Amino acid sequence: QVQLVESGGGLVQAGGSLRLSCAASGSIFVIRAMGWYRQTPGKQRELVASITSGGNTNYADSVKGRFTISRDNAKKLVLLQMNSLKPEDTAVYYCGMGIPPFLWGQGTQVTVSS
């Protein structure tokens, strides 16, 4: 059974950095696109960044130049390096498998204080 487990969230001041990790189990990880999404109360979950099995990336306009998504297929990890964080980046961040996602992790809270 495939599972996704996120880690790395926390509280950081504006301008700071965090790195989120998503660990996957199961053999289908290497052939699947992966994405990071975020959600705030009362709003729909939105795509932050995605990466294909071949390493092609896509970013929301709001995070371009600040966030970097990467993956390590051997370790079954997908990472999100978040720099120059802003208060509006505060959200629960989810890892998703597939585009559109058919499997989600439990989410990790990111809070950016001003």
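How many salt bridges does the count come to? The points below take up that question first and then turn to the strands.

1. The structure is a predicted model, and the count for it comes to four salt bridges. Three of these pairs are described here one by one, among them Glu 46 with Arg 38, Lys 64 with Asp 61 and Asp 89 with Arg 66.

2. In the pair formed by Glu 46 and Arg 38, the closest N and O atoms lie 2.8 Å apart. The two partners sit in unlike surroundings: Arg 38 has a relative accessible area of 7%, and because this falls under 20% the residue is classed as buried, whereas Glu 46, with a relative accessible area of 39%, is partly exposed.

3. A salt bridge also joins Lys 64 to Asp 61, with 3.1 Å between the closest N and O atoms. Here Asp 61 is exposed, its relative accessible area being 64%, while Lys 64 counts as partly exposed at 49% relative accessibility.

4. For Asp 89 and Arg 66, which form a further salt bridge, the closest N and O atoms are 2.8 Å apart. This pair links distant parts of the chain, since Asp 89 lies in the loop between β8 (77-82) and β9 (91-97) and Arg 66 in the loop between β6 (57-59) and β7 (67-72), with the two residues 23 residues apart. Asp 89 is buried, with a relative accessible area of 1%, and Arg 66 is likewise buried, with a relative accessible area of 11%. Through shared partners, salt bridges bring Arg 38, Glu 46, Arg 66 and Asp 89 together into one network, so that the pair of point 2 and the present pair should be read together.

5. Turning to the strands, an open sheet of four strands runs in the order β1-β3-β8-β7, and the pairing is antiparallel. The edges are held by β1 (4-7) and β7, each of which has a single partner strand, so one side of each is left without a neighbour in the sheet. On average, and with direction ignored, neighbouring strands of this sheet are turned by 15 degrees against each other.

6. Within that order, β3 (residues 18-24) and β8 pair in the antiparallel sense, and six bridges connect them. As a point of reference for inspecting the model, Arg 19 stands opposite Gln 81 in β8. The strands β8 and β7 also serve to place the pair of point 4, with Asp 89 in the loop between β8 and β9 and Arg 66 in the loop between β6 and β7.

Technical notes: Residues numbered from 1 in each chain as written. Predicted model: local features only at pLDDT ≥ 70, side-chain atom pairs only at ≥ 80, totals over all residues. Heavy atoms only, no water. Salt bridge = Lys/Arg side-chain N within 4 Å of Asp/Glu carboxyl O. Buried < 20%, exposed > 50% of the residue type's maximum accessible area, 1.4 Å probe, protein only. Pairing = 2+ DSSP bridges. Axes fitted to C-alpha atoms, helices over the stretch in contact; angles between N-to-C directions.
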